[in-house]
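Here are a few exercises to work through with the structure open beside you. Try each task before reading its solution.

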Amino acid sequence: MKNSLKIIIVICVCILLYPSFLGAQNNTASPYSKFGTGELASVAYGRNLALGGSGFGLRNPYQLNIKNPASITSIDSLNFLFETGVSGQFTLSSSSDKNQIFWSGNLTHLVFGHRYTNWLMGTYGVMPFSNIGYNLRTFQMVESEDSYVFTDWVGTGGLNKIFYLLGLKISKNFSLGGEVAYLNGSLVESRKTWAVVQTDNPTYYLSNTRYSGFTYRGAFQFTANLDKKGTNLTIGGMFSPLQKLSGKSNVIIDQQYGSNYVDSMYYHSGAATPINLPLTYGGGIGFTWKGKYLLAADYERANWSINGDKSYVDQQIYSFGLEKVPQNTLKYFDRCSYRVGFRYDSGYIRTKGYTVDDVRVSLGMGLPIQKTGSMVNVTLEAGQKGTMHMGLIQEKYLKMTVAFSFQDFWFIKRKFN
Amino acid sequence: MIKLKFLIALLFALLFYSCQYTDDENFQYNVGNDFVSDPVKVIMIDTLTVKTYTTAVDSVNTSRNDRFMIGRAENMKVVTTCESYFRFDPAGEYNLHSSSIFESANMILNLDGYSFGDTAKICKFEIYRLTEDITVDKETEYIYNTTKFAHEATPLATFSVDLTDDKLDSVVVDLPELGKELFDLAYNNDTILSDADQFKARYKGFLIKPADDNVSSVVGFVANPDSTLSPKIKIRYQDNSLDDDLSFSFEIEKYQTVTSSTTSANVNYYGSNYFVNDYSKLIGKDFPTGEGKLSSTETGNVTFLQGGLNLRTRIEIPTINNLYFLGIGSVIKAELLFEPVKGTYTKQSDLPSKLEMYLVDKKNDNYGQMAMVGSTDMAYAVLHYNNEFKDETYYSFDITKFVVDEYLDNGDPKYSLLMSMPQSGINGNVDQLIIGDQNHPTNKMKLKVYLATY
């Protein structure tokens with residue numbers, strides 16, 4: 001009973017925290033989040049993050065790897081897992097004439113894993129899919145007059161993802177996995193346009209587009225032990241079909257006069273242009289050498305250009321990671337994991353002839369919590385996104401993520417209190 | 001359990017710590033149109049037709065006013081003539097003896113600094129005695145700028161004013177004959193001096209007007225009966241005493257206080273200004289009054305505004321609905337820009353610093369003064385005087401509220417605008433503003449409408 005009480009408490013905490021995914025805070029401060037569905041959030045956390053985001057070929061008996069649904073069958077000795085995390089990010093954004101510093105951060109994910117049988121494992125949770133947070137100022141000239149018009153753009157919102165993963169162990173070496181996820185959320189943009197000739201009378205444009213839709217993923221994983229000292233090779237792959245997110249948008253245009261008088265000029269509510277979440281596929285390997293070192297490498301491709309808009313381009317992601325695998329010894333620091341990673345994301349947005357790519361390196365540690373088998377994964381990422389060419393913006397960022405992985409040993413142990 | 005609580009608390013702590021903030025309120029990027037482009041465009045339209053007219057009023061009340069305006073001035077072929085009518089109360093205090101001897105008598109007029117016209121020219125004025133009683137309108141108890149009272153054929157006295165003399169602050173006019181007559185009344189203790197009505201029946205009043213052939217400027221004199229600087233007739237006499245400054249004065253009639261059940265007002269019954277404009281060189285007729293209007297096309301592409309006579313400029317924007325052809329949008333600003341016609345002013349003080357705008361219907365009936373859009377503050381024209389380049393002097397008038405209302409109204413224009421000199425104190429000056437219309441060759445009026453289209 002006590003055990004289930006704790007689970008209920010944890011679930012309550014999660015319900016309490018869930019709204020913080022829903023745009024209550026900006027999870028990003030990137031002008032590039034104006035495009036598409038916003039800045040795409042990481043698809044996996046904890047260990048994956050420190051390994052450059054790789055994970056198609058990773059299996060771990062104590063930690064969830066939600067990048068590959070087939071991998072969760074590796075959790076064969078635990079009944080229940082709970083993972084969550086928080087992140088904080090420091091961003092230095094530079095345009096050709098200006099530098100800005102931002103701090104942003106939030107809860108990264110809430111994931112629960114359940115083992116139903118020795119061959120069937122389920123995982124469900126919630127995490128951001130994309131984040132929007134931008135503040136821009138643009139200017140134009142009045143038509144037929146030599147004076148400026150400014151526009152202040154503020155974007156908020158983003159899409160959240162509620163997902164369910166199922167892992168099926170077909171044989172000792174081969175697993176299949178699948179995911180169904182429900183995406184929903186609002187892309188909110190407010191624009192204030194004001195002419196220098198009359199700054200007291202700005203025009204406000206407010207649009208709120210609520211998108212929702214389901215996505216599906218299928219995955220496999222194959223493992224081959226190459227010797228008895230713990231050398232093995234895991235190959236994984238993932239495939240997700242094209243899905244359409246339909247949306248409903250509300251547009252309001254208000255004309256303000258003076259400090260407190262507003263004329264409502266325009267209101268429109270209707271179907272929004274659907275967003276095509278592209279066909280996505282990828283594959284990767286994980287090679288463990290004598291139970292000591294792990295090398296992971298992933299490749300992923302998403303055909304965003306299906307959206308037909310020139311600003312969408314196909315996205316390719318290369319991820320590499322190296323881990324010093326924890327050893328079962330009495331020395332605490334030998335029981336920690338040490339990870340480095342590299343990731344190159346070609347980006348899915350093209351603007352002014354430049355694709356908004358992203359390159360990052362990561363460093364991480366997995367710190368076991370005393371004897372429980374639970375773990376705290378600390379990851380530090382440093383990266384660079386975008387370009388300063390053509391009046392665009394380059395972001396240099398440093399991001400720290402702390403992810404917690406709680407296992408049922410941790411819950412069970414309390415029985416002996 | 002302790003550890004669980006600790007971890008939950010830690011989680012919360014981390015969550016709140018990670019809440020986003022920025023280091024600076026002003027954290028936008030100035031990225032221009034390179035990055036994203038606002039579909040809201042602001043268009044400036046200056047092609048709407050603006051029709052302008054001059055319209056006059058029947059009359060302006062000019063009694064109960066603290067200024068007498070006298071003189072004649074010409075501006076842009078319009079000749080403005082101002083005359084003043086007033087009368088005196090009998091002298092109140094005097095102490096004459098049998099040995100008192102009349103010495104001299106003067107009418108003293110104090111300038112109050114106001115002038116309109118060509119101040120370089122000498123003003124020639126004439127004082128007449130009235131042969132008709134000064135009367136007020138029975139209903140309103142006012143005298144109007146159109147009222148004249150009969151006077152003697154020959155002037156009692158003439159005098160001139162040279163406004164180029166900076167030190168000139170008063171005018172002293174000899175009135176020997178009239179002065180002797182008034183002295184004798186006092187010397188003889190005539191009962192007429194103790195009966196104001198009888199006195200005013202005999203001395204009906206005075207008219208001061210410019211000499212018929214004199215076109216120079218209009219000069220302002222102090223006329224507030226409570227002021228010691230108001231017109232008076234001062235009579236000097238000698239006595240067998242060492243005091244060589246003996247005098248007594250006939251002062252301008254005081255305000256009479258009329259107290260009704262609701263109000264108590266000072267009413268100066270019998271001092272007034274007569275104003276008239278001669279348009280014979282311009283149009284050969286008077287400007288229409290009431291609901292009448294005369295297009296600027298008939299007056300050399302100019303319109304007039306003037307105090308005293310209250311000439312006003314009616315502004316019509318008949319094609320305002322054309323803004324709809326530019327798409328869905330909103331008016332963010334509408335500004336009327338116009339210029340005083342070159343040659344009709346020589347210095348900044350010739351130009352009124354402030355103009356008012358009224359909403360009127362087809363019959364010039366007033367629907368109230370125009371406010372600023374989104375505000376209860378009244379809208380006024382702003383004079384942009386350019387000392388260096390006078391030709392670049394102009395007025396700007398924010399008429400956004402009018403254009404927004406007409407634009408939102410969506411129907412045919414119901415209202416027009418009437419621009420005037422400040423209506424408060426309109427009878428205290430004859431300042432003139434002559435502005436060019438949309439087709440004036442050099443001083444064109446412009447209407448700029450800024451439309452945000454989406």
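**Exercise 1.** In this predicted model, find which residues touch the most other members of the largest nonpolar core, and work out why the core lies between two domains.

*Solution.* Start with the core itself, which has 104 residues; B:I70 and B:I399 touch the most other members. Next, look at where its residues come from: domain 1 (44–56 + 287–453) and domain 2 (67–276) of chain B both contribute, so the core lies between them. Then turn to B:I399 and set aside its neighbours within four places in sequence: its contacts are B:A334, B:L336, B:M357, B:M370, B:A379 and B:L417. Finally, notice a second, separate core of 44 residues, with A:M121, A:L136, A:F163 and A:A297 among them.

**Exercise 2.** Trace the six-strand open sheet of chain B and place B:L417 in it.

*Solution.* Begin with the strand order, 18-4-20-26-22-23, with antiparallel pairing. The edges are strand 18 (294–295) and strand 23 (366–369) of chain B, each pairing on one side only. Now move to strand 20 (residues 312–316) and strand 26 (residues 416–420) of chain B, an antiparallel pair joined over three bridges. Here B:L417, in strand 26 of chain B, is the bridge partner of B:I315. You have met B:L417 already, as one of the contacts of B:I399.

**Exercise 3.** Describe how domain 1 and domain 2 of chain B meet.

*Solution.* First take the C-alpha centres of the two domains of chain B, which are 39 Å apart. The contact then draws 10 residues from domain 1 and 11 residues from domain 2 of chain B. Last, sort the domain 1 side by character: four nonpolar, five polar and one charged.

Key:
Residues are numbered from 1 along each chain as its sequence is written. Chains are lettered from A and ligands numbered from 1 in the order in which they are written. This is a predicted model: local features need pLDDT of at least 70, side-chain atom pairs count only at pLDDT 80 or more; totals for chains, interfaces and linings use all residues. A nonpolar core is a set of buried Ala, Val, Leu, Ile, Met, Phe, Trp, Tyr and Cys residues joined through C-beta atoms within 7 Å. A residue is buried if 20 or more other C-beta atoms lie within 10 Å of its own, exposed if 12 or fewer, and partly exposed in between; C-beta atoms are placed from the backbone. Domain bounds come from an automatic or database domain assignment. Two residues are in contact if their C-beta atoms, placed from the backbone, lie within 7 Å. Two strands pair if DSSP finds at least two bridges between them. Helices (H or I, at least four residues) and strands (E, at least two) are DSSP runs, numbered from the N terminus. Ala, Val, Leu, Ile, Met, Phe, Trp, Tyr, Cys and Pro count as nonpolar, Asp, Glu, Lys and Arg as charged, and the others, Gly among them, as polar.
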